[in-house]
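New to this one? Here is a quick briefing to read alongside the sequence and the 3D view.

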Amino acid sequence: MPHVVCEPCIDCRYTDCVAVCPVDCFHEGERMLTIDPEKCIDCAVCIPECPVEAIFQDFDVPVKWQQFIEKNANESTAQPVIVEKKTPLPGAPPRP
Ligand code: F3S
């Protein structure tokens, strides 16, 4: 039951999540991060780190974002691994 990065990450990419991932399963896409479901160990430490609540367990992904389960699985391995926090994208909303 891997975790999934969903729509709120698009054009945001706070990257707080990568700083806590113990297995470096986050990958960096142009507009959002994705999680490699083969590497995710389901620890859930990334969930509370995301300021825009973009990360869900796969069984808990809202219906409107179900397509992100496949997107993470399909795109993550073609993207570079990201292990350090970076500056968010210009489109990121203010931190809550
Ligand atoms: Fe995206 Fe949230 Fe991580 S905005 S980069 S899932 S901290």
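Is Asp-16 buried or exposed? Asp-16 counts as buried, because its relative accessibility is 13%, under the 20% cut-off. Keep in mind that this is a predicted model. Asp-16 is a handy place to start, and the salt bridges, the core, the cysteines and an aromatic pair follow below.

**Asp-16 and its partners**

- You'll find Asp-16 in helix H1, which covers residues 16–20.
- One of its salt bridges goes to Lys-85, with the closest N and O atoms 2.8 Å apart.
- Lys-85 sits in the segment after helix H2 (67–75), so this pair ties together parts of the chain that are 69 residues apart in sequence.
- Unlike buried Asp-16, Lys-85 counts as partly exposed, because its relative accessibility is 44%.
- Asp-16 also has a salt bridge with Arg-95, where the closest N and O atoms are 3.0 Å apart.
- That second pair links distant parts of the chain as well: Asp-16 is in helix H1 and Arg-95 in the segment after H2, 79 residues apart.
- Arg-95 comes out as partly exposed, at 43% relative accessibility.
- The side chains of Asp-16 and Arg-95 make a polar contact too, at 3.0 Å.
- Leaving aside neighbours within four places in sequence, Asp-16 is in contact with Glu-49, Pro-51, Lys-85 and Arg-95.

**Other salt bridges**

- How many salt bridges are there by this rule? The count comes to 6.
- One of them joins the side chains of Glu-28 and Lys-86, at 2.9 Å from N to O.
- Here again the pair links distant parts of the chain: Glu-28 belongs to strand S2 (residues 26–28), while Lys-86 lies in the segment after H2, 58 residues apart.
- Glu-28 is on the buried side, with 18% relative accessibility, whereas Lys-86 is partly exposed, with a relative accessible area of 41%.
- Arg-13 comes into the picture as well, since salt bridges that share partners join Arg-13, Glu-28 and Lys-86 into one network.

**The nonpolar core**

- Which residues touch the most other members of the largest nonpolar core? In this set of 22 residues, they are Val-5, Cys-6, Cys-17, Phe-26, Leu-33, Ile-35 and Ile-55.
- The elements that each give two or more residues to the core are strand S1 (3–5), H1, strand S3 (33–35) and strand S4 (55–57).
- Take Cys-17, one of those well-connected members: leaving aside neighbours within four places in sequence, Cys-17 is in contact with Phe-26, Leu-33, Cys-46, Glu-49 and Ile-55.

**The cysteines**

- How many disulfides does the structure hold? The number is 0.
- Cys-6 is in no disulfide, and the nearest cysteine sulfur, that of Cys-9, is 9.6 Å away.
- With 0% relative accessibility, Cys-6 counts as buried.
- Cys-12 is in no disulfide either; for Cys-12 the nearest cysteine sulfur is that of Cys-9, 6.1 Å away.
- Why does Cys-12 count as buried? Its relative accessibility is 2%, and anything under 20% is called buried.
- Cys-12 lies in the loop between S1 and H1.
- Leaving aside neighbours within four places in sequence, Cys-12 is in contact with Arg-31, Val-52, Pro-88, Leu-89, Ala-92 and Pro-93.
- To get a sense of distance in the 3D view, try Cys-12 and Asn-74: they are 62 residues apart along the chain, and their C-alpha atoms are separated by 20 Å.

**The aromatic pair**

- By this rule the count comes to 1 aromatic pair.
- Phe-56 and Trp-65 form the pair, with 5.9 Å from centre to centre and 55 degrees between the planes, and the pair is tilted.
- Phe-56 is buried, with a relative accessible area of 17%, and Trp-65 counts as buried at 12% relative accessibility.

Notes:
Residues numbered from 1 in each chain as written. Predicted model: local features only at pLDDT ≥ 70, side-chain atom pairs only at ≥ 80, totals over all residues. Heavy atoms only, no water. Salt bridge = Lys/Arg side-chain N within 4 Å of Asp/Glu carboxyl O. Helix = DSSP H or I, 4+ residues; strand = E, 2+ residues; numbered from the N terminus. Buried < 20%, exposed > 50% of the residue type's maximum accessible area, 1.4 Å probe, protein only. Core = buried A, V, L, I, M, F, W, Y, C linked by side-chain atoms within 4.5 Å. Contact = heavy atoms within 4.5 Å. Disulfide = S-S within 2.5 Å. Polar contact = N/O pair within 3.5 Å; in protein donor to acceptor, adjacent residues only side chain to side chain. Phe/Tyr/Trp six-rings, centres within 6.5 Å; stacked < 30°, edge-to-face > 60°.
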